[in-house]
Amino acid sequence: MKSMNPEHQEKRYESTRIGLNHTALKRAFADNMFYVLGRFPIVASKHDRYLALAYTVRDRLLHHWIDSAQHYLESNSRTVCYLSAEFMLGPHLSNNLLNLGIYEEVKKAIEELGLDLEDLLEQEEEPGLGNGGLGRLAACYLDSLATLQVPCIGYGIRYEFGIFDQIIRDGWQIEMTDKWLRFGNPWEIPHPEIAFDIKLGGHTEAYHDDIGRYRVRWVPERVVKGSAYDTPIAGYRVHTANFLRLWQAQACESFDFQAFNIGDYYGAVDEKVYSENITKVLYPNDEPNAGKELRLQQQYFFVSCTLQDLIRIYRQKEVRLDGFHRKFAIQLNDTHPAIAIAELMRLFVDEHNMAWDQAWHITENTFGYTNHTLLSEALEKWPVDLFQRLFPRHVEIIYEINHRFLEHVRIRFPGDNERLARMSIIDESGDRSLRMANLACIGSHAINGVSELHTNLLREEVLQDFHQLWPERFSNKTNGVTPRRFIALSNPRLALLLDRALGKGWIKNLEKLKTLEAVADDGEFQQMWRLVKRDNKNLLAKRILERTGITVDPDSMFDIQVKRIHEYKRQHLNILHIITLYRRIIRGQAGDIPSRTCIFAGKAAPSYTMAKLIIKLINSVAYVVNNDPAVGDRLKVVFLPDFNVKNAQRIYPAADLSEQISTAGKEASGTGNMKLSMNGALTIGTLDGANIEIREEVGPENFFLFGLSADQVRETKASGYRPRKIYDDNPPLMEALDLIASGFFSHGDPQLFTPLINDLLNHDEYMVLADYDAYIACQDEVSRVYHDQHRWTHMSIMNVAHMGKFSSDRAIHEYCEEIWKVKPVPVPLRKTSSAN
């Protein structure tokens, strides 16, 4: 047989591995099915076929990633390092098909193989690496950094079991183990050779080195190992691919053969169990002390692995660490990674013999800190005795940082001892604790909030002392979300309509959506807009029926509140409106209101009793309302279980009304409000978080505003807020609360919701009763406007037209310009990959 020409062999190899036409993709699919999975078509399961396709796409993605890594190394580029305890990535396959520009070719290849692409996409397990907005924001930012061609490494934890899977049983949330890795993860690349020892516990020993310098040695009680797993992150239609590096904990010695030989079978694997527990679960319950300890170990584990890795990367080309802060810009995504400041000082001073002042200069100029909360309980504080037991050397370093910092404060504000107490890293009131937000502020050259209101409240209240000391460090970086996932992938019908109206450039420049203003009143365009929304509502209605057994009318208004369940987000205010509306319908007092389907989704923290009770209340009200023949289809209530990125992508496009009703001054920003508005939902909301900026952008006439402002909330509380008086003076509110308290929604059990009712009547921390009247009036206005479909559609189009500010591309551009001082580094397309 005639041998194949070498050039032809090379061409065929490249076509199979990196070719982008449907013929090459089909061949690659078959190769991966055979050589990677060891399957042939007749016995292959749906999941096998998904894996074969995932590996096919990953081959093309790796070509981008290796070229990017090589180019960054050669150009010695400045790199952003994004440290986050959460990365809520969502499914990879569809996102990579979109960003690589091969969606249609892959679809054609899969169809020619007799398969359904949508069917294969459904097989992907969503990585359970996040709980909510914090982790999803981090994922959006990785997408934008790659799209804007900015060198970046995301760093986090490879949780074996992620955020729990939620099922609803008898109306209650039940948490199920999220086994997202049970079938493997085709998108990650293990790097066992990139591993670091992480010390825990023990004690410190002071000594003098050979030239007489004072030194400290940390003698740990135990050591665990952190091993790297990398996931490439593709930019949209560019050759850049950055990566997310996640750390998994392992035992340095996973099996004690001597213990096993003497019959101590549990003892033989004790180190393995202890070590692997560190990365076992996302956010272990920190109510018990053991949970607190594990959570703190998680935070230290991933930042220590990260910083050791960055030093390793830096020393590939440099010997001295003087320029570390010029090579890396490290962003702390909230306080979870704040211990990185003390750890970098330890590595510089103890491990690399750097003088304290030089080490501090580099550390301070390396870190930036993003604050994500105004809630005092979310500003992390750790008991000093726990910190001392786990990290004795870090406590010494933090004491030294604190001592030097407070000396600086004393000079600036002489005689102000109360200020010193507030700004100290050590909280001396009660049991001594470490304030991680204070450490983050002291050790970072830049501090930012995530909406204009949030940043102003940081400056004026939460971090007021630090702002008075260093006003130049503070800035606002309003959050943003990626339009690639939350329009192009989530809402392909809307994306196609936008392509036809605007061209394809909007997906990388969301400001181009403003052109929609010109067609906001065009009858034909409005009709196409409503058809897109109707199709999306049909799809969600089908999903609701599959998951809950509830039939909903796609022609009804889809009134949607989907987010983490928390009292300050006020899902119970929404329920009070539903009960009020229900009673009006029963009495025949509802008038000609439009039919409404109220859809909730979200998870409550497993230990958050009140939030779980709110979920039970939603489902209890739903049961009564949905089964009352006097109501029919005029009002339906749905709780859609297991809210995650995949389910969010189904919900956002179908929303008519977006419920953003948190207590003013409590939500830092919110990103669900942006995603819903991007998909044409109108917002009913308070002046909280990014709602304020959304209203400014879309226009007050295209936003349903109600409720107290943050200033009014403070004034009302200061003047002696009495929620029971509001209850006594408001008959509809009294009726709604009394129905709940009577057992009407709990099969006659009057005790079930007593904790919730008592809290509202006697405390009402989140001003639910104070805002009730204004909320009901605003909802009545929503109903009136919805009847006028021309006006409603105009408002919907205007919302989408003014979403440019809320792209994560804009947010990342601001971070790059104002905090990280980093420029794009376009990656050239090489003729062959480095592997060749």
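**Talking through a predicted model**

Biologist: Let's begin with Ser 808; in which helix does Ser 808 lie?
Modeller: Keep in mind that this is a predicted model. Ser 808 belongs to the stretch covering residues 808–820. That stretch is helix H35.

Biologist: Is Ser 808 buried or exposed?
Modeller: Away from its sequence neighbours, Ser 808 is in contact with Cys 140, Tyr 141, Ser 144, Gly 480, Val 481 and Thr 482. Its relative accessible area is 0%. Anything under 20% counts as buried, so Ser 808 is buried.

Biologist: How many Å lie between the backbone nitrogen of Thr 482 and a polar atom of the side chain of Ser 808?
Modeller: Thr 482 is on the contact list of Ser 808. The pair here joins the backbone nitrogen of Thr 482 to a polar side-chain atom of Ser 808. The distance is 3.3 Å.

Biologist: On to the sheet of nine strands: which are its edge strands?
Modeller: The sheet is open, with mixed pairing, and its order is E5-E8-E9-E2-E1-E10-E11-E15-E16. An edge strand pairs on one side only. Those strands are E5 (189–200) and E16 (474–476).

Biologist: Which residue in E16 is the bridge partner of Ile 447?
Modeller: Strand E15 (residues 446–449) runs parallel to E16, and three bridges join them. One partnership involves Ile 447, and its partner in E16 is Phe 474.

Biologist: Which strands of the sheet does helix H14 touch?
Modeller: H14 spans residues 356–366 and packs on the sheet. Its direction makes about 40° with that of E11. Its buried residues include Trp 356, Trp 360 and Glu 364, and the cover over its buried residues includes helix H16 (392–412) and helix H18 (436–442). The strands touched are E10 (328–333) and E11 (367–370).

Biologist: Arg 473 sits in a loop; is Arg 473 buried or exposed?
Modeller: The loop runs between helix H20 (464–469) and E16. Arg 473 touches Glu 364, Cys 441 and His 445, among others. With a relative accessible area of 9%, under the 20% limit, Arg 473 is buried.

Biologist: Why are the buried residues of H5 on the same side of the helix?
Modeller: The buried residues of H5 (residues 103–112) are Val 106, Ala 109 and Ile 110. What covers them includes helix H2 (22–36) and helix H3 (46–75). They are on the same side because the arc they cover around the axis is only 95°.

Biologist: Which residue in the turn between E3 and E4 has a positive phi?
Modeller: Strands E3 (residues 165–169) and E4 (residues 172–176) run antiparallel, joined by five bridges. Ile 167 has Ile 174 as its bridge partner. The two strands form a hairpin with two residues between them, and the one with a positive phi, about 55°, is Asp 170.

Biologist: Which helix gives the most to the largest nonpolar core?
Modeller: That core has 146 residues, and Phe 324, Ile 330, Phe 387 and Trp 820 have the most contacts inside it. Phe 324 touches Leu 310, Ile 311 and Tyr 314, among others. Eleven residues of the core come from the top contributor, helix H11 (residues 289–314).

Biologist: How many residues are in the second, separate core?
Modeller: Nonpolar side chains tend to be buried together in soluble globular proteins. This second core includes Leu 635, Ala 664, Ala 710 and Leu 769. Its residue count is 66.

Methods: Residues numbered from 1 in each chain as written. Predicted model: local features only at pLDDT ≥ 70, side-chain atom pairs only at ≥ 80, totals over all residues. Heavy atoms only, no water. Helix = DSSP H or I, 4+ residues; strand = E, 2+ residues; numbered from the N terminus. Buried < 20%, exposed > 50% of the residue type's maximum accessible area, 1.4 Å probe, protein only. Polar contact = N/O pair within 3.5 Å; in protein donor to acceptor, adjacent residues only side chain to side chain. Contact = heavy atoms within 4.5 Å. Pairing = 2+ DSSP bridges. Axes fitted to C-alpha atoms, helices over the stretch in contact; angles between N-to-C directions. Arc of directions from axis to C-beta. Core = buried A, V, L, I, M, F, W, Y, C linked by side-chain atoms within 4.5 Å. Lists of a residue's contacts leave out its neighbours within four places in sequence.
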